[in-house]
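Thanks for asking me to look this one over. My comments are below, in numbered points that you can check against the structure as you read.

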Amino acid sequence: MGVPGGGGGRVAIAAACLLLLQLCGCVAALPMKSGDGAKYKDPSQPLNTRIDDLLGRMTLAEKIGQMSQIERENATADVINKYFIGSVLSGGGSVPAKNAPPEAWMSMVNGMQSGALSTRLGIPIMYGIDAVHGHGNVYKATIFPHNVGLGCTRDPELAKRIGAAVALEVRATGIPYVFAPCVAVCRDPRWGRCYESFSEHAGVVQNMTSIISGFQGEIPPGGRLGAPFLAGQRSVAACSKHYVGDGGTTKGINENNTVATFHELLSIHMPPYYNAVIRGVSTVMISYSSWNGVKMHSNHFLITDYLKNKLRFRGFVISDWQGLDRITSPEHADYLLSIKLGILAGIDMIMIPYTYTEFIDDLTLLVNNGTIPMSRIDDAVRRILRVKFTMGLFEHPYADPSLTGELGKQEHRDLAREAVRKSLVLLKNGKPGDKPLLPLPKKPHGGSILVAGSHADDLGSQCGGWTITWQGLTGNNLTAGTTILDGIKSSVVPGTDVVYSENPDAGFIQQNKAKFDYAIVVVGEPPYSEQFGDNLNLTIPAPGPAIIENVCGSIKCVVVLISGRPLVMEPYINTIDALVAAWLPGTEGNGVTDVLFGDYGFTGKLSRTWFRSVDQLPMNVGDAHYDPLFPFGFGLETQPSAY
């Protein structure tokens, strides 16, 4: 595990040992003296001058260290010092302690940084973390709707504001780098990461890359478009992922093969990267998936020829978690070959959470025997240093304790609540010949309403995957937030009898149906991420269908669906009065009830096609045989109520 607060004694010992090795001639370069006039330490020098100066001073070991990103639990200060590690990450759910406050995160990151700064050249580490819908690993952070919901807002300015808020919450824990946004164009909802995609339509995803300008800050007028950019210490470096075609795999199988012509790849999956590069995105992460049978982690044409040379991307390219290992089947079967293919393809920083010593030894061997030229290593390190200098890490390596109060603050929760309201899509509102059911009256005539379903009072389910843990959790004890049931109770007039029954049986409904003015049924998917979410059936999990049939067969009802994608709804659509796609709204469940009860109108439009049957998949807008239950762009609108 990491050492919160430092491990300063071991750092001193490691530094002393390193100095002894240098004096013995075992390390090529001598230690730098403070005040030695090194240009890389002078922020007034031009960026390229600083990069050239530092690169020219580095040994091969120091260069390979910069290319290495290791997992937090291994990243003691002395390991960072010994191996000149350039970057550290938290995997999903990797935290300094359960329910750790911002101060504990800062202490941990600062301790690691002390190890980096005590090396000969003092190159700071770059700590990265997944923040795909808020600072999801961190207790009491604001959790925003997942991208599938944000795409339904069609609001790039909202996305930018969310990016800026998330950046502040990430900085509140001392972290300057996020593995976000996912700019996949998900073409098949059977994919377990589909909720990380803004849309099936490249144009919608392109527009929502505005979140990058939220994370990193807006490039000022006259600034250089396309170069890595960071506005300051309240912003974070971003990472557009997963390059390229991750949303187009056959049957939506995670990490699988995307079969597409080059023209199809460019027209469907590549456009968001054009916008990301123009916005100055700092890093690009490579996809586990393959393109026409070639692993993306080994694709020199798409990484070097296209991304780096054609698009002139100037940041650095990073692998996914153990991405090099997965070039071979079985994984890690020929690691030397994997390293050779990945590095020569153009990957600059390697996410090697655990086997970092093996990676360092093997890459050193491949360089020393001439398999990988030093020019490729220098290209990688130059890109990494460019991003680090641009981030201001050399001038501000340590966390800013004044930012701890940014985590989960009310302004960010208010923004998340706004995002929930705008992401909701109203798919049905009233049976034929009946009045619209929504907005619901806050004061029911009979005084009683029924709330049913597993997801009505479950904060974990409404947040989904990448929340506290990698796969997410059910229940209300994982973080701070408001459930939909909480929102209902605070929306209705005082004295209203809100009856909550998670799974009411037919007998309960028959005995009590006369007393309920209406019912709100909240059902959906359990939390999941990546391959654990791959699903060929896309049915509502039990007991959801039975609850819909029992309740909506006897009581006027609105079904609120909590899901990371469209699910099979056609069998129930005639039974229910109103249907709301709420996606994965996050911690602010009262954003759902704001719209259900008419404080705000419904405005969201589908960012995905809603299929009738999984037999139709994949089916996307523009296809020749397009016969959806609800088409791309559909969404009924309502006006706010005057109470």
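The points below go through the annotated domain, the cores, the cysteines, one buried asparagine and a small sheet.

1. First, a reminder that this is a predicted model. The values quoted here are all computed from it, so please read them in that light.

2. The annotated domain. An unreviewed UniProt entry places the feature "domain: Glycoside hydrolase family 3 N-terminal" at residues 59–387. In the model, helix makes up 39% of that span and strand 10%. The C-alpha atoms at its two ends are 20 Å apart.

3. The largest nonpolar core. This core has 118 residues, and the members that touch the most others are Tyr243, Phe359 and Leu363. Helix α15, residues 374–391, is the top contributor, giving eight residues. As general background, nonpolar side chains in soluble globular proteins tend to be buried together.

4. Phe359 up close. If you want one residue to click on, try Phe359. Leaving aside residues up to four places away in sequence, Phe359 touches Ile64, Met67, Ser68, Leu324, Tyr335, Ile339, Ile350 and Ile352. There is also a second, separate core of 72 residues, and its members include Trp466, Val551, Val558 and Phe597.

5. The disulfides. How many disulfides does the structure hold? There are two, and counting the bonded cysteines along the chain gives the pattern 1-2, 3-4. One of them links Cys186 to Cys194, with an S to S distance of 2.1 Å. The other is between Cys552 and Cys557, where the sulfur atoms are 2.0 Å apart. For orientation, a disulfide is a covalent bond between the sulfur atoms of two cysteines.

6. Handedness and burial of the disulfides. The Cys186 and Cys194 link is left-handed, at -105 degrees about the S-S bond, whereas the Cys552 and Cys557 link is right-handed, at 105 degrees. Cys186 counts as buried because its relative accessibility is 0%, and Cys194 counts as buried at 1%. Cys552 and Cys557 are both buried too.

7. The cysteines without a partner. Why is Cys182 not bonded to Cys186? The sulfur of Cys186 is the closest cysteine sulfur to that of Cys182, but at 9.0 Å it is too far for a bond. Cys239 is in no disulfide either, and the nearest cysteine sulfur, which belongs to Cys182, is 9.9 Å away. Are these two buried or exposed? Cys182 is buried, with a relative accessible area of 1%, and Cys239 counts as buried at 0% relative accessibility.

8. A buried asparagine. Asn590 is found in helix α21, which covers residues 590–596. Its relative accessible area is 11%, so Asn590 is buried, the cut-off being under 20%. Not counting residues up to four places away in sequence, Asn590 touches Arg417, Thr482 and Gly487.

9. A small sheet. Three strands form an open sheet with mixed pairing, in the order β6-β8-β9. The edge strands, each pairing on one side only, are β6 (257–258) and β9 (294–295). Strand β8, residues 290–291, runs antiparallel to β9 and is joined to it by two bridges. Within that pair, Trp291 has Val294 of β9 as its bridge partner. In general, strands of a sheet pair through backbone hydrogen bonds, either parallel or antiparallel.

Definitions and conventions
Residues numbered from 1 in each chain as written. Predicted model: local features only at pLDDT ≥ 70, side-chain atom pairs only at ≥ 80, totals over all residues. Heavy atoms only, no water. UniProt positions renumbered as here; feature names shortened; annotations may be inferred. Helix = DSSP H or I, 4+ residues; strand = E, 2+ residues; numbered from the N terminus. Core = buried A, V, L, I, M, F, W, Y, C linked by side-chain atoms within 4.5 Å. Buried < 20%, exposed > 50% of the residue type's maximum accessible area, 1.4 Å probe, protein only. Contact = heavy atoms within 4.5 Å. Disulfide = S-S within 2.5 Å. Pairing = 2+ DSSP bridges.
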